[in-house]
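Got your viewer open and ready? Here is a walk through a structure, one selection at a time.

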Amino acid sequence: VQLQASGGGLVQAGGSLRLSCAASARAFSRSVMGWFRQAPGQEREFVAAITGPYTRYSDSVKGRFTISRDNAENTVYLQMNSLKPEDSAVYYCAAGMLYSIKENDYRSWGRGTLVTVSS
């Protein structure tokens, strides 16, 4: 599965952004889709994942971010509300077969999109 993330940008604290990740391959609908992020000098961390009707989130974004997918469009979204400066990072979408928070369980990765939240 080839992935391309988009939608990043500069936003003020408290604002919103929606990230998109377009996937190529008919296997998209059967894949677990995840979002991860990596801030400068930090390790990449799990943000959210979706499989079928099920979603899971990291504690740091729960209640503020929403992951969704459109299988007809082969696209997964990450709606980010009430953004904080600590949400600033490069955001990556990923595809895998395990409903996991571990990046090693995801086999395909997009190039990432930068989100910067100013205070």
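This tour goes from sheet strands to hairpins, then to cores, rings and a few loop residues. Keep in mind that what you see is a predicted model.

**Stop 1: an open sheet**

Select strands S1 (2-6) and S3 (17-24), then add S7 (65-70) and S8 (75-80). You are looking at an open sheet of four strands, in the order S1-S3-S8-S7, with antiparallel pairing. S1 and S7 stand at the edges with a single partner strand each, so one side of each has no neighbour in the sheet. On average, neighbouring strands here are turned by 15° against each other, if you ignore direction.

As background, strands of a sheet pair through backbone hydrogen bonds, and they can do that in a parallel or an antiparallel way. Now zoom in on S3 and S8: these two run antiparallel and are joined by six bridges. Click Cys-21 and look across to S8, where Val-76 is its bridge partner.

**Stop 2: two hairpins**

Next, show S4 (residues 32-38) and S5 (45-51). S4 and S5 pair in the antiparallel sense over five bridges. One spot to label is Trp-35, whose bridge partner in S5 is Ala-48. The two strands form a hairpin with six residues between them, and in the turn you'll find Gly-41 with a positive phi of about 80°.

Stay on S5 and add S6 (residues 54-57), which pairs with S5 through four bridges, again in the antiparallel sense. Here Ala-49 has Arg-56 in S6 as its bridge partner. This hairpin has two residues between the strands, and Gly-52 takes a positive phi near 55°.

Is S5 largely enclosed or left open by the rest of the structure? Five of its seven residues are buried, so S5 is largely enclosed.

**Stop 3: the nonpolar cores**

Switch on side chains for Trp-35, Leu-78, Met-80 and Tyr-91. These are the residues with the most contacts inside the largest nonpolar core, which has 28 residues. Several strands feed this core with at least two residues each, including S1, S3, S4, S5, S7 and S8. S9 and S11 (113-118) do that as well.

Pick Met-80 and see what surrounds it. Leaving out residues up to four places away in sequence, Met-80 touches several residues, among them Leu-17, Leu-19, Phe-65, Tyr-91 and Val-115.

There is also a second, separate core of six residues, and Phe-36, Phe-46, Ala-49 and Tyr-106 are included in it.

**Stop 4: aromatic rings**

Keep Phe-36 and Tyr-106 on screen. A pair of aromatic rings is described by how far apart the centres are and by the angle of the planes. How are the rings of Phe-36 and Tyr-106 arranged? Their centres are 5.2 Å apart and their planes are at 75°, so this is an edge-to-face pair. Phe-36 lies in S4 and Tyr-106 in S10 (residues 106-109), so the pair ties together parts that are 70 residues apart in sequence. Both residues are buried.

Now add Trp-109. Its ring pairs with that of Tyr-106, with the centres 6.4 Å apart and the planes at 65°, so this pair is edge-to-face too. Tyr-106 is buried at 4% relative accessible area, whereas Trp-109 is partly exposed at 25%. Add Phe-46 to your selection and you have one aromatic cluster: Phe-36, Phe-46, Tyr-106 and Trp-109.

Two arginines also sit over rings. Select Arg-56 with Tyr-99: Arg-56 lies over the ring face, 5.0 Å from the ring centre. Then try Arg-69 with Phe-28, where the charged end of the arginine sits 4.7 Å from the ring centre.

**Stop 5: loop residues**

Where is Gly-112? Look in the loop between S10 and S11. Gly-112 is partly exposed, with a relative accessible area of 23%. Its C-alpha atom is 7.0 Å from that of Cys-93, although the two residues are 19 apart along the chain. Among the residues Gly-112 touches are Ala-5 and Tyr-92.

Move on to Asn-74, in the loop between S7 and S8. Its phi is near 50°, a positive value in a residue that is not glycine.

Finish at Ser-82, in the loop between S8 and S9 (89-96). Ser-82 also has a positive phi, about 50°, without being a glycine, and at 41% relative accessibility it counts as partly exposed.

Note on methods. Residues numbered from 1 in each chain as written. Heavy atoms only, no water. Buried < 20%, exposed > 50% of the residue type's maximum accessible area, 1.4 Å probe, protein only. Phe/Tyr/Trp six-rings, centres within 6.5 Å; stacked < 30°, edge-to-face > 60°. Lys NZ or Arg CZ within 6 Å of the ring centre and 35° of its normal. Core = buried A, V, L, I, M, F, W, Y, C linked by side-chain atoms within 4.5 Å. Contact = heavy atoms within 4.5 Å. Pairing = 2+ DSSP bridges. Axes fitted to C-alpha atoms, helices over the stretch in contact; angles between N-to-C directions.
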